[in-house]
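The following exercises concern the architecture of one protein model. Please work through each task before reading its solution.

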Amino acid sequence: MPPSVLDRLAFLRMDYPMMFELRNGASERVSHCGVLEFIADEGTIYMPYWMMQNLLLQEGDIVRVKFVSLPKGTYVKLQPHTKDFFDISNPKAILETTLRKFSCLTTGDTIMMTYNNKKYYLDVIETKPANAISIIETDCEVDFAPSLDYKVTTASKTLDKGKFNPFFGTGRRLDGISIPPVYSSRPSDVPNVNSLSSTTSSSPNFARPSQGKLVFASNFYRTKEIGKEKNESKQEPPHQKQPKFQPFIGNKYSLRG
């Protein structure tokens, strides 16, 4: 900045460190910065090219400079432009060294850092406690968002071209007796229950549940099986009946012996 700016600020007894608001009236873009030296020509200021890009400025454009006092920052979230930024062995340590060259950060700005002769650009997407903060002599937490070129990849699974049939297969009871297959949506090559009972004489004849009612297949077929077992038990001769279970039968003993 020009030396006259320093004289004016010293006369007004402004607080240090000196920070300024830069505003481009044409695009209404706002950013904040500190000052390096007061040796520029009168009526001109010099700023880095990346800062001119943030403000959409060209060389020779008019910019408004205003002295401001910014709060100390406690949190900043950055988003790299490319994912190779995370290939650095310790990006937070490198960023901490780079941010020592900055006096403040503004939400919406893009900062540039250099490492191993390569330039990395990072967007400032969040700052606390305000949209513009001072990072001089403050303990500021730094967080990173996924890079702009980050793409979410999901594993693709090859599915059959046929219609999806949930609960498709054969069920079994706890006693080991199998029950006929249950189809939630009957394929074209699977015959219905009536055709099974008519074509196969050895398979049981199951009645088809009426429409509009919810019938669980396991209970439905189990009821038929229980009824069949009762009919068979009635036909057994008397000498094959098992003795009736009698609980609490036997000798008793006490702890005295």
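**Exercise 1. Determine how β4 is paired with its neighbouring strands.**

Step 1. β4 and β9 run parallel and are joined by four bridges; two strands count as paired if DSSP finds at least two bridges between them. Within this pair, Lys77 stands opposite Asp143 in β9.

Step 2. β4 and β7 run antiparallel, and six bridges join them. Here Gln79 stands opposite Asp123 in β7.

Step 3. Strands (E, at least two residues) and helices (H or I, at least four) are DSSP runs, numbered from the N terminus. The model is a predicted one, in which local features need pLDDT of at least 70 and side-chain atom pairs count only at pLDDT 80 or more, while totals for chains, interfaces and linings use all residues. Residues are numbered from 1 along each chain as its sequence is written, and side-chain values use heavy atoms, with hydrogens and water left out.

**Exercise 2. Establish the strand order of the sheet and identify its edges.**

Step 1. β6 and β7 pair in the antiparallel sense over six bridges, with Thr114 opposite Lys119 in β7.

Step 2. The four strands form an open sheet in the order β6-β7-β4-β9, with mixed pairing.

Step 3. β6 and β9 each have a single partner strand and stand at the edges, so one side of each lacks a neighbour in the sheet. From one strand to the next, the twist averages 35°.

**Exercise 3. Decide whether β4 is largely enclosed or open, and list the contacts of Leu78.**

Step 1. Buried means under 20% relative accessible area, exposed over 50%, and partly exposed in between (1.4 Å probe, protein chains only). Five of the six residues of β4 are buried, so this strand is largely enclosed by the rest of the structure.

Step 2. Contact means heavy atoms within 4.5 Å. Neighbours within four places in sequence aside, Leu78 is in contact with Leu95, Leu122, Asp123, Val124, Val142, Asp143, Phe144 and Ala145.

**Exercise 4. Describe how α3 is placed against the sheet.**

Step 1. α3 lies across β4, β6 and β9 and runs at about 110° to β6. Axes are lines fitted to C-alpha atoms, for helices over the stretch in contact, and angles run from 0 to 180 degrees between N-to-C directions.

Step 2. Pro91, Leu95, Thr98 and Leu99 are the buried residues of α3. Seen down the helix axis, they fall within an arc of 90°, so they line one face of α3; the arc is that of the directions from the helix axis to the C-beta atoms.

Step 3. These buried residues of α3 pack against β4, β5 (104–106), β6 and β9.

**Exercise 5. Locate the largest nonpolar core.**

Step 1. A nonpolar core is a set of buried Ala, Val, Leu, Ile, Met, Phe, Trp, Tyr and Cys residues joined through side-chain atoms within 4.5 Å. The largest one has 27 residues, and Leu78 and Ile111 have the most contacts inside it.

Step 2. Two or more residues come from each of α2 (49–54), β4 (75–80), α3 (91–99), β6 (110–115), β7 (118–128) and β9 (141–144).

Step 3. Domain 1 (3–67) and domain 2 (75–144) both contribute residues, so the core lies between them; the domain bounds come from an automatic or database domain assignment.

**Exercise 6. Characterise the surroundings of Asn54.**

Step 1. Asn54 is placed in helix α2 and counts as buried, at 7% relative accessibility.

Step 2. Not counting residues up to four places away in sequence, Asn54 touches Arg29, Asp109 and Thr110.
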